[in-house]
Every structure is written in structure tokens, then in C-alpha cells.
Amino acid sequence: MPDAGSARSNRWCTTTSLRKGDRVSWIDDPAFSAAGPFGPQTLPYGAGRVRAESATGVLVRVGDHALPLRPLAAHLGPRLSEPLAAGSLDPLLAAGRPVWAELRERLRELVDRDSAPPGADLVPLVEVRPVLPFAVADYVDFYSSRHHAENVGRIFRPDSDPLLPNWTHLPVGYHGRAGTVVASGTPVRRPRGQRKPPDSPAPVFGPSERLDIEAEVGFVCGGPVRGEVRTSELADHVLGVALVNDWSARDIQAWEYQPLGPFLGKSFATSLAHWITPLDALEAARVAPPPAPHPLLDYLAEDEPWGLDLRLEVRWNGTVVSRPPFASMAWSPAQQLAHLTVNGATVRPGDLFASGTVSGPGRDQRGSFLELSWGGREPVTLDDGSARAFLLDGDDVEITATAPGPGGSVVGLAEVAGRVLPADAAPGVRGSGR
Ligand code: MN
């Protein structure tokens with residue numbers, strides 16, 4: 001290890017209050033980049049293969065490195081050995097909140113040591129092959145940004161109220177397709193489908209001409225299988241948070257979505273980030289959602305609100321085109337989970353629910369290209385001078401986010417990225433990423 005120079009000590013002081021004086025831990029090495037948004041204040045979970053190993057395992061991210069946890073399982077404690085010996089996060093999700101809390105505590109102690117414990121091997125992320133970190137059970141997508149809902153209402157239904165009457169009374173959502181949730185980096189083939197051009201008397205079939213993104217925040221569920229989860233019980237059923245891109249074919253969607261909602265315009269692919277930022281890392285990011293315009297029914301009330309000050313960035317072929325603020329969402333994840341289980345429907349390990357497109361009030365805060373280009377009428381100019389309304393084949397989209405962390409630190413949400421393949425690309429390049 002290099003000497004504990006003052007530059008590094010100062011670096012810690014600016015990023016986290018978790019350090020003890022000027023002491024330097026074994027991860028406090030510039031090579032590990034552990035002072036950034038993925039330092040000890042964050043410690044996100046993932047799964048993947050490292051170096052030439054053939055088996056996937058549970059990983060924790062430390063800076064721009066991954067720490068495989070299987071070799072450390074014995075060191076971390078008997079309750080953790082089984083979840084950490086697994087090839088994915090599935091057993092950890094099932095283990096529930098007491099085990100999640102113990103693991104995070106042990107990991108915080110581990111990264112705070114003066115020297116690396118036996119078996120610790122920080123692997124550069126470029127040598128990691130991450131996979132979809134858990135088997136997605138049920139997938140639900142909400143629609144909880146008032147700005148997004150109003151924008152879409154104005155674009156799709158210009159002659160009626162942008163918000164339907166139920167919107168301010170309940171978190172509107174729908175059941176999505178869990179089987180096509182794919183890991184970040186998985187290419188997304190342009191879907192074919194039925195759509196009806198406005199000047200055509202009959203529908204036509206072919207590749208979507210209005211392929212879009214939705215910048216969203218996903219909540220990864222675990223713990224005991226239960227219905228009727230109260231808003232105060234979110235943390236018992238959510239391990240953490242990961243960014244989602246809910247790819248959307250707007251032309252297919254516009255033709256099919258009434259009366260039962262999104263279907264084939266959404267179900268071809270939903271991308272999920274590789275790394276799950278623990279809910280415990282977001283305590284300093286909690287905020288109250290904007291006040292509802294009228295009193296809410298009791299089951300949706302929150303004593304300690306679960307709005308989150310997550311600041312998203314959307315990059316289109318490298319150009320930052322939007323910075324959606326999650327703090328502006330009208331419904332919190334606790335309200336969403338309470339609503340989705342209030343009828344007795346259960347939440348179970350591996351369930352994933354997403355926030356809905358995150359859009360703020362500003363033009364540069366819109367979380368979909370449908371809104372950014374206002375239905376295609378106002379193209380977006382990228383840094384290379386090209387203009388876009390919707391996605392072209394070969395386009396890349398990356399969504400990232402940060403949040404305020406303890407002691408002035410910054411907590412990171414890892415990127416969700418994907419590239420658009422032509423509709424005639426060979427099938428089979430998609431898949432679960434596992
Ligand atoms: Mn969506």
C-alpha cells in the first residue's frame with residue numbers, strides 16, 4: 001500500500017465523514033477510486049464473473065472495482081455464508097432486512113480495516129462480466145411523475161384533460177413483462193409491431209419508427225412474502241434501488257394502449273442497471289414528495305416520507321440531453337408498494353417495481369424523448385450536430401444518477417445503458433444477460 005499522504009486524507013474528508021480521523025483503510029488507494037460516488041457510503045450489490053472464473057458470484061462495488069464476496073463469506077459471519085455463496089442475489093433477497101443490515105454493517109467494517117482481509121480481491125470493473133443480478137419475479141411499472149403524465153396526456157390526448165381523475169388519488173401502474181428485463185449493456189433490437197399512421201385508413205406492420213426511452217428508478221424487492229405492506233414498511237421489503245430504462249415504441253403504444261394500457265409497445269425490453277444501491281445508502285437523500293392536491297386515503301399516508309433526491313442524467317450518444325429530478329415525483333416508492341399490495345396481492349423476493357418516467361418541470365428535465373422532442377415536432381440536437389426526435393439504429397443511451405450521501409458525500413446509482421440494433425438483427429443476441 002502507498003503511504004497515507006495528506007492528499008488522500010483530504011480526499012476522504014471531502015467525500016465522507018465515515019473515516020476515523022486521518023486513518024487510512026486498505027481501500028483508500030487512488031487505484032481503487034473509492035472516494036467517488038461508489039465509495040464506502042454506497043457499496044452497491046451485483047453479480048457476475050470475475051477474470052477467468054466460470055461461475056457467477058455476488059459482488060459488492062468499491063469505486064471502480066468489484067469485490068467478490070464468496071471468498072469472504074466465512075469472514076463475514078455465519079448468517080451470511082449461504083447468501084454469499086450463491087451465484088446471484090436471489091438468496092440474499094429472500095433472506096430479508098435483518099440479514100441485509102448485517103451484511104452492510106460487516107462490509108462497512110471490512111472496507112474500514114487498515115489491511116485487506118484474507119481472500120479480499122478488488123477486481124477492476126473492466127475485468128468483471130456482470131449479469132442480471134437476480135431473477136426478476138413480477139415487474140410493475142408506475143406512472144408517478146406528474147410532469148411526465150401531463151406531458152404525455154397533452155401529446156397523446158390533446159383534446160382532453162392531461163390527467164385522468166384517478167391520477168392524484170392513487171399511483172397509477174401496470175404489470176409489465178418480467179421475462180424481458182435485461183441487464184444493462186444488453187443490445188435492444190428495434191421491435192416490429194402494428195401501428196396506425198395518422199394518414200393511413202388501416203394499421204400497418206413493421207419496425208417501430210418512434211422508439212423511445214423512459215428514464216426510471218427501479219426498486220428491488222425481497223424479504224417475507226406479504227400483502228398489505230404499509231408505507232412505513234418499505235425498508236422491510238426493498239433491498240435497494242437500480243436505474244431502469246423502460247424502452248418504449250410510441251407508435252405501437254399509441255395504437256394499442258386504450259383501453260387496457262401498455263402492452264407490446266413496452267414488453268420487448270426493459271433494461272436494469274447491474275448494481276443495486278442499498279436503500280440504507282439513501283437515508284440522507286430522503287425528502288417529502290410534493291404535497292398532494294387533496295387529502296390521501298389512509299393507506300397512502302406516510303409518516304416519514306420516502307421521496308428521494310436522486311438526480312438523473314440521460315446521455316444520448318454521449319450528449320447529456322436531460323437531468324430529470326426524482327425529488328419531483330408525486331408518489332414515493334413506499335406509497336407505490338402500499339398501493340400495489342393493498343388488495344392482498346403479495347410482494348415476493350425478486351419483484352421489481354419501477355417509478356415511471358422521471359420528468360421535472362423544465363424542458364431539460366424530461367425523461368423521455370417523446371417529451372424532449374414534444375411528440376417528434378421539436379428535434380433534439382446532439383453534440384455531433386445531428387438532430388433526433390426518436391432513436392435511430394446504432395444509437396446509445398446511458399442513464400446515471402447521484403444522490404446526497406452522509407457527511408456531504410455523494411451516493412451513486414450505476415448506469416443503465418443500451419444500444420439500439422436494427423429490427424432485422426439476428427434474434428438471440430438479446431436475453432436475460434445471465
Ligand atoms: Mn415506464
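Visitor: Which elements do the buried residues of α9 pack against?

Guide: Happy to start there, and please keep in mind that this is a predicted model. Helix α9 spans residues 333–341, and 7 of its 9 residues are buried, so the helix is largely enclosed by the rest of the structure. Those buried residues are Pro333, Ala334, Gln335, Gln336, Leu337, Ala338 and Thr341. They pack against β6, β13, α7 (234–237) and β22.

Visitor: And which element do the buried residues of α6 pack against?

Guide: Helix α6 covers residues 146–156. Its buried residues are His148, Ala149, Glu150, Asn151, Val152, Gly153 and Ile155. The element they pack against is α10 (369–372).

Visitor: Let's turn to the metal. Which residues coordinate the manganese ion?

Guide: The spacing of the donors along the chain is a good clue: D-x72-E-x1-E-x29-D. That pattern calls for an Asp, two Glu and another Asp. At 2.1 Å from the manganese ion, these donors are Asp141 (OD), Glu214 (OE), Glu216 (OE) and Asp246 (OD).

Visitor: How many residues apart in sequence are the parts that Asp141 and Glu216 tie together?

Guide: Both residues are among the donors of the manganese ion. Asp141 lies in strand β6 (residues 139–142), while Glu216 lies in strand β13 (residues 215–221). The pair therefore ties together parts whose separation in sequence is 75 residues.

Visitor: Is Glu216 buried or exposed?

Guide: A residue counts as buried when its relative accessible area is under 20%. Asp141 meets that limit with 1%. Glu216 has a relative accessible area of 0%, so this residue is buried.

Visitor: Now for the aromatic side chains. What is the angle between the planes of Phe156 and Tyr257?

Guide: The structure holds 5 aromatic pairs, and this is one of them. Its ring centres are 5.7 Å apart, and the pair is classed as tilted, with the planes at 50 degrees.

Visitor: Where in the chain does Tyr257 sit, given that its partner Phe156 is in helix α6?

Guide: The two differ in exposure class: Phe156 is partly exposed, at 22% relative accessible area, whereas Tyr257 is buried, at 16%. The pair links distant parts of the chain, 101 residues apart. Tyr257 is found in the loop between α8 (250–256) and β16 (270–272).

Visitor: Why is the pair of Phe219 and Phe353 called stacked?

Guide: Planes under 30 degrees apart count as stacked. The ring centres of Phe219 and Phe353 are 5.3 Å apart, and the pair is stacked because the planes meet at 20 degrees.

Visitor: Which strand holds Phe353?

Guide: Phe353 is buried, at 1% relative accessibility, and its partner Phe219 is buried too, at 0%. Phe219 belongs to strand β13, and 134 residues separate the two in the chain. Phe353 lies in strand β22 (residues 352–354).

Visitor: Which residues form one aromatic cluster?

Guide: The stacked pair of Phe219 and Phe353 gives us two names to begin with. Both belong to the cluster, whose members are Phe142, Phe219, Phe326 and Phe353.

Visitor: Over which ring does the charged end of Arg286 sit?

Guide: Another arginine, Arg61, lies over the face of Phe38, at 3.7 Å from the ring centre. In the case of Arg286, the charged end is 3.5 Å from the ring centre of Trp306.

Visitor: What area do domain 1 and domain 2 bury between them?

Guide: Domain 1 runs over 18–130 and domain 2 over 139–421, with 29 Å between their centres, taken over C-alpha atoms. Contact involves 24 residues of domain 1 and 27 residues of domain 2. Of the buried area, 70% is on carbon and sulfur atoms, and the total is about 1900 Å².

Visitor: Now the backbone. Which two residues does a cis peptide bond join?

Guide: Most peptide bonds are trans. In this cis bond, omega is about 10 degrees, and its proline is found in the loop between α8 and β16. The residues joined are Gln258 and Pro259.

Visitor: Is Glu228, with its positive phi, buried or exposed?

Guide: Leu43 makes a useful contrast: its phi is also positive, about 50 degrees, and it is buried at 2%, in the loop between α1 (6–15) and β1 (45–50). Phi of Glu228 is near 50 degrees, and this residue lies in the loop between β13 and α7. With a relative accessible area of 53%, Glu228 is exposed.

Note on methods: Residues are numbered from 1 along each chain as its sequence is written. This is a predicted model: local features need pLDDT of at least 70, side-chain atom pairs count only at pLDDT 80 or more; totals for chains, interfaces and linings use all residues. Side-chain values use heavy atoms; hydrogens and water are left out. Donors are N, O and S atoms within 2.8 Å of the metal (3.2 Å for Na, K and Ca); water is not among the atoms, so sites may look incomplete. Helices (H or I, at least four residues) and strands (E, at least two) are DSSP runs, numbered from the N terminus. Buried means under 20% relative accessible area, exposed over 50%, partly exposed in between (1.4 Å probe, protein chains only). Rings of Phe, Tyr and Trp (its six-membered ring) pair if their centres lie within 6.5 Å; planes under 30 degrees apart count as stacked, over 60 as edge-to-face and the rest as tilted. A charge sits over a ring if NZ of Lys or CZ of Arg is within 6 Å of the ring centre and within 35 degrees of the ring normal. Domain bounds come from an automatic or database domain assignment. Contact means heavy atoms within 4.5 Å. Buried area is the accessible area (1.4 Å probe) that two parts lose on being put together, summed over both.
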